[in-house]
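Dear colleague,

I am passing on the structure we spoke about, together with some notes on its ligand site. Please read them alongside the model.

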Amino acid sequence: MRYNGVTVRVPAKVNLQLAVGPLADDGYHELTTVFQAISLFDDVSVRRGKVGTGITLTISGATSHGVPSDASNLAYKAAQIFINRFGISPDLEIALKKEIPVAGGMAGGSADAAGVIVAIDSLFELQLSRDEMEKIGSELGSDVPFGISGGIAIGRGRGDQITPALTKGQYYWVLAMSGQGLSTPAVYQECDRLRAGMSIARPQSSDALMQALRAGDAVSVGKALSNDLQAAACSLRPALRLILDIGSEYGALGSIVSGSGPTVAFLVADEEKALDLTVALSSSGVVGDIARAYGPVPGARVVATS
Ligand code: C5P
């Protein structure tokens with residue numbers, strides 16, 4: 001059946017581990033990262049537009065402030081790839097309804113690109129495999145393929161080569177967001193600056209973390225959380241250290257900067273603990289918006305057609 005529009009729901013991510021290798025000649029760092037998709041979502045709708053209107057992009061939702069609606073948006077760039085490469089109609093109405101923070105280290109922009117890829121594949125019945133979609137995603141950004149795959153996965157290379165991981169358990173998160181994002185390239189640069197003169201090993205996945213995930217043992221997952229970008233994010237935004245400390249004081253199983261930050265993610269034992277920590281964070285006065293989420297959740301998937 002031919003649809004006029006498709007809506008895809010795409011999750012945010014946290015990195016349970018982010019091991020950053022040395023800077024390579026291409027300007028990227030070799031990574032080993034463990035992603036978990038969590039229940040904060042952007043909804044990405046793509047509709048056939050009127051002939052001659054080109055790509056139009058509208059953005060709404062709690063975290064839409066400051067998101068560009070022009071050709072610099074990754075969602076727009078994703079659509080452009082399909083128009084150029086697959087000869088689909090160039091008249092597309094894209095609507096983003098955003099819940100994932102912008103420049104927050106949770107792959108918000110990447111999620112939107114992932115959503116467009118899955119939406120266009122469905123709307124134009126391209127029947128691409130997940131691998132093919134992830135390959136297109138990796139041209140747009142290192143976190144886009146994981147937005148398509150979701151769940152829990154190891155990312156290698158730039159973080160874009162995804163291997164799903166078999167894990168158990170459900171994990172509860174409290175997310176302390178910041179009103180002002182951090183630039184990912186700036187955080188990587190700060191990481192290089194802090195590590196200047198040190199010999200940096202090739203990144204390896206953490207056995208302790210993978211074992212804890214296989215056992216569904218949230219306490220051990222909490223202890224094994226690690227992020228090589230955390231020192232750099234805290235150096236650029238010293239208030240993050242205060243926020244991380246609140247987590248330890250109020251019994252979080254683990255506290256970590258998510259990706260390149262500045263969102264801080266706290267792993268907690270259950271929904272009740274999540275509520276306790278939310279209250280503590282909001283009365284601390286050092287945190288902007290706070291969200292609660294669980295994971296893992298599936299990657300980009302069609303939720304409505306019209
Ligand atoms: O791939 P993406 O566009 O999300 O990357 C944004 C920036 O983050 C890159 O330009 C680079 O500075 C940095 N980066 C990196 N190594 C990676 C991924 C990203 O240095 N593996």
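The notes below deal with the ligand and its surroundings.

This is a predicted model, in which local features need pLDDT of at least 70 and side-chain atom pairs count only at pLDDT 80 or more, whereas totals for chains, interfaces and linings use all residues. Residues are numbered from 1 along each chain as its sequence is written, and side-chain values use heavy atoms, with hydrogens and water left out.

The shell around the ligand (residues with a heavy atom within 4 Å of it) is made up of Gly27, Tyr28, His29, Leu31, Gly141, Ser142, Arg158, Thr184, Pro185 and Tyr188. By class, four of these residues are nonpolar, five are polar and one is charged, with Gly counted as polar and Tyr and Pro as nonpolar.

Three polar contacts (pairs of N or O atoms within 3.5 Å) may interest you:
- a polar side-chain atom of His29 lies 2.6 Å from a ligand oxygen;
- a polar side-chain atom of Ser142 lies 2.5 Å from a ligand oxygen;
- a backbone N or O atom of Arg158 lies 3.1 Å from a ligand nitrogen.

Of the 450 Å² of accessible area (Shrake-Rupley method, 1.4 Å probe) that the ligand has on its own, the protein covers 77%.

Strand S2 (29-48) and helix H5 (184-194) are the elements that give two or more residues to the shell, and H5 provides the largest share, three residues; helices are DSSP runs of at least four residues and strands of at least two. Domain 1 (5-164) and domain 2 (171-295) each contribute at least three residues to the shell, the bounds coming from an automatic or database domain assignment.

Best regards

Methods. Polar contact = N/O pair within 3.5 Å; in protein donor to acceptor, adjacent residues only side chain to side chain.
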